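Trainee: I'd like a close look at the salt bridges in this one, please. Start with whichever spot you like, and then walk me outwards to the space and strands in the rest of the fold.

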Amino acid sequence: MSFPENFLWGGATAANQYEGGWNEGGKGISCADCVTRGSRTKNRKITYKTPDGEIHEMEVFGGSAPDGAQFGCFEGYDYPSHEASDGYHHMIEDIDLFGEMGFKTYRLSINWTRIYPNGYDETPNEEGLKFYDAAFDECHKVGIKPLVTISHYETPVGLTNKWGSWVDARTIECFERYVKTIAERYKGKVEYWLTFNEINCIAFGGWTAAGVYKNDPYSIAMASKHQLLASARAVQILHETDPNNKVGCMIGYALNYYLTCNPEDVLATWKEMNKYYFFSDVHARGYYPAYKLAEYRNAGIDINLTEEEKETLKNGTVDFISFSYYMTNCITVDPDAAQVTIGNMSMGFKNPYLKATDWGWQIDPTGLRIALNYMYDRYQKPLMIVENGQGGIDELEADGTCHDQYHINYLRDHIKAMDAAINEDGVELWGYTPWGCIDIVSASTGEMHKRYGFIYVDYQDDGTGDGKRYRKDSFWWYKKVIASNGADLD
Ligand code: BG6
């Protein structure tokens, strides 16, 4: 076992799932703030008001709302992002715990609505800027390099209500203003950046990734184009502001295998994977891939990509590729060939060789090695795994301990796969930030009891709990892993 010197061991969270404090410190409402709590069997919903004053709910994936809908938060609904893990009031203490574990990096997102409450505001909110100043200063105090996601499912709902959010090109200008503000403000404090979290999530529904409530193919194509352009602009702005900045993209990578060697299954799998690769192809290569242009042409979608926009994409390619990796699925054209299964933003078929988590996500460490190789081979750019882990149920013992051996097993197996990818296959991997390094609310279900963390947070789904933090068994284990630079995984 050997990991590169300076390997970035760490952990990851997102503001909307961790911070809470949804209306404190001058913060505006983000698209995540309007999403209700769900469960494994109950879908989360997005709330909005129609001009007649009626309140309605919309499905997160595939739903749509009428023109004139005003999205927001209303009395009587339970929105998990509003309190989340109360990171807004525990940030410093939590960063100190990450420091105690020996983190080299901490991936966190800046909530756009703390900086520009409506998205389209002309001037930033100083209180929001100060909040992240304090976080980054604390990181440096304890030897952590922040890795910042600029947009992690936190599009200001003000932009949705004004002009439909990312479907409209004006959102790019608002995003540029936001990026310039944080690039200048945090120059010297932040060196590693990610533009959009799981940008490809938009292919499965516009709300989460982009605050888009129209899910027709044209709206999704335009919102995707605008985000890709915005990402390219962000890369340029960050490089101009500080040549030390390293800017990456972030793809939700659910690797798909073909269920059988039927060529139709192979073809269907290739098509499914293109939903993921399309975004990283543009980010890394600086132009739209032929398969996507052909798909748009055949669907009669004209995204009207101008020469100037092509230039922007070309000049805004990323320095490294990052992705989330939790699971794999199988693809087949025969719906009766296997049982359907769900996963991170995806649906597929069950793999008879794999076990699944309590939430049905199939556990596949070897798939991570394959994913790393596919990505490295495709782009030949450094990689980072910025999310990985197993969401599960943890019991807090009376003495404050928490025996989460299943987290340790999952992470150990995936770290071994990383080691093989680096040392046996030659992949250049910069870092590893397991997801939800402290317990946070789940993005897909809004549950608090789907826990990934090394640190237990005493909040429950019904809002009870005092928010106190407790070190789980995995905390001590990961501390040892980092201290030995991945050599000691026992
Ligand atoms: C990724 C997201 O899709 O998966 C995170 O970037 C999310 O925001 C993570 O939390 C795990 O998913 P879940 O649904 O278990 O929280």
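Mentor: Let's start with a cluster: Glu126, Asp133, Asp137, Arg185 and Lys189 are joined up in a network of salt bridges. Keep in mind as we go that this is a predicted model. Searching the whole structure turns up 30 salt bridges, and I'll pick out three individual pairs to set beside that network. The idea behind them is simple: side chains of opposite charge can pair when their charged atoms come close.

Take Glu295 and Lys292, whose side chains meet in a salt bridge at 3.2 Å, N to O. Both residues belong to helix α10 and sit three residues apart, about one turn of the helix. Their surroundings are not alike, though. Glu295 has 42% relative accessibility, so it counts as partly exposed; the cut-offs here are under 20% for buried and over 50% for exposed. Lys292 comes in at 11%, so it counts as buried.

That pair also leads us straight to some open space. Glu295 and Lys292 are among the residues nearest the centre of the second largest pocket, along with Ala203, Lys275 and Tyr296. In total, 19 residues line that pocket, and its volume is about 400 Å³. Three helices, α8 (217-241), α9 (263-285) and α10 (290-299), each put at least two residues into the lining. The biggest contributor is α9, with six residues. By class, you get 11 nonpolar, three polar and five charged residues in the lining.

Now for a pair that reaches across the sequence. Glu424 and Arg369 form a salt bridge with their closest N and O atoms 3.4 Å apart. Glu424 is in the loop between α13 (405-423) and β15 (429-432), while Arg369 is in helix α12 (residues 365-379), so this contact ties together parts that are 55 residues apart in sequence. Glu424 is exposed, at a relative accessible area of 60%. Arg369, at 27% relative accessibility, is partly exposed.

The third pair is Lys472 with Asp439, where the closest N and O atoms are 2.8 Å apart. This one also links distant parts of the chain, 33 residues apart: Lys472 sits in the loop between β17 (469-471) and α14 (473-483), and Asp439 in the loop between β15 and β16 (455-457). Both Lys472 and Asp439 are buried.

On to the strands, beginning with β7 (residues 192-196). Five of the five residues in β7 are buried, which makes it a mostly covered strand. Strand β6 (residues 145-151) runs parallel to β7, and four bridges join the two; within that pairing, Leu147 has Tyr192 of β7 as its bridge partner. β7 also runs parallel to strand β8 (residues 246-252), joined to it by three bridges. Tyr192 turns up again here, with Lys246 in β8 as its bridge partner.

For an antiparallel case, look at the open sheet of three strands in the order β3-β2-β4. β3 (55-59) and β4 (70-71) are at the edges with a single partner strand each, so one side of each has no neighbour in the sheet. Strand β2 (residues 45-49) is joined to β3 by five bridges, and one of the pairings matches Ile46 with Met58 in β3.

Back to empty space to finish. The largest pocket has a volume of about 950 Å³. Its lining takes in 41 residues, and Phe61, Met345, Ala443, Ser444 and Thr445 are the ones nearest the centre. The elements giving two or more residues to that lining are α1 (15-18) and α7 (206-210). Sorted by class, the lining holds 20 nonpolar, 14 polar and seven charged residues.

As for closed-off space, the whole structure has four cavities of 30 Å³ or more. The largest cavity holds about 50 Å³ of space. Around it you'll find Tyr326, Thr357, Trp359, Trp361, Gly389, Gln390, Gly391, Tyr410, Lys450 and Tyr452. That lining splits into five nonpolar, four polar and one charged residue.

How values were computed:
Residues are numbered from 1 along each chain as its sequence is written. This is a predicted model: local features need pLDDT of at least 70, side-chain atom pairs count only at pLDDT 80 or more; totals for chains, interfaces and linings use all residues. Side-chain values use heavy atoms; hydrogens and water are left out. On a 1 Å grid over the protein atoms alone, a cavity is a set of points where a 1.4 Å probe fits but cannot get out, and a pocket is an open set with protein on both sides within 12 Å along at least five of seven lines; lining residues have an atom within 4 Å of a point. Grid points are joined across faces, edges and corners, and a volume is the space filled by probe spheres set on the points. Ala, Val, Leu, Ile, Met, Phe, Trp, Tyr, Cys and Pro count as nonpolar, Asp, Glu, Lys and Arg as charged, and the others, Gly among them, as polar. Two strands pair if DSSP finds at least two bridges between them. A salt bridge is a side-chain nitrogen of Lys or Arg within 4 Å of a carboxyl oxygen of Asp or Glu. Buried means under 20% relative accessible area, exposed over 50%, partly exposed in between (1.4 Å probe, protein chains only).
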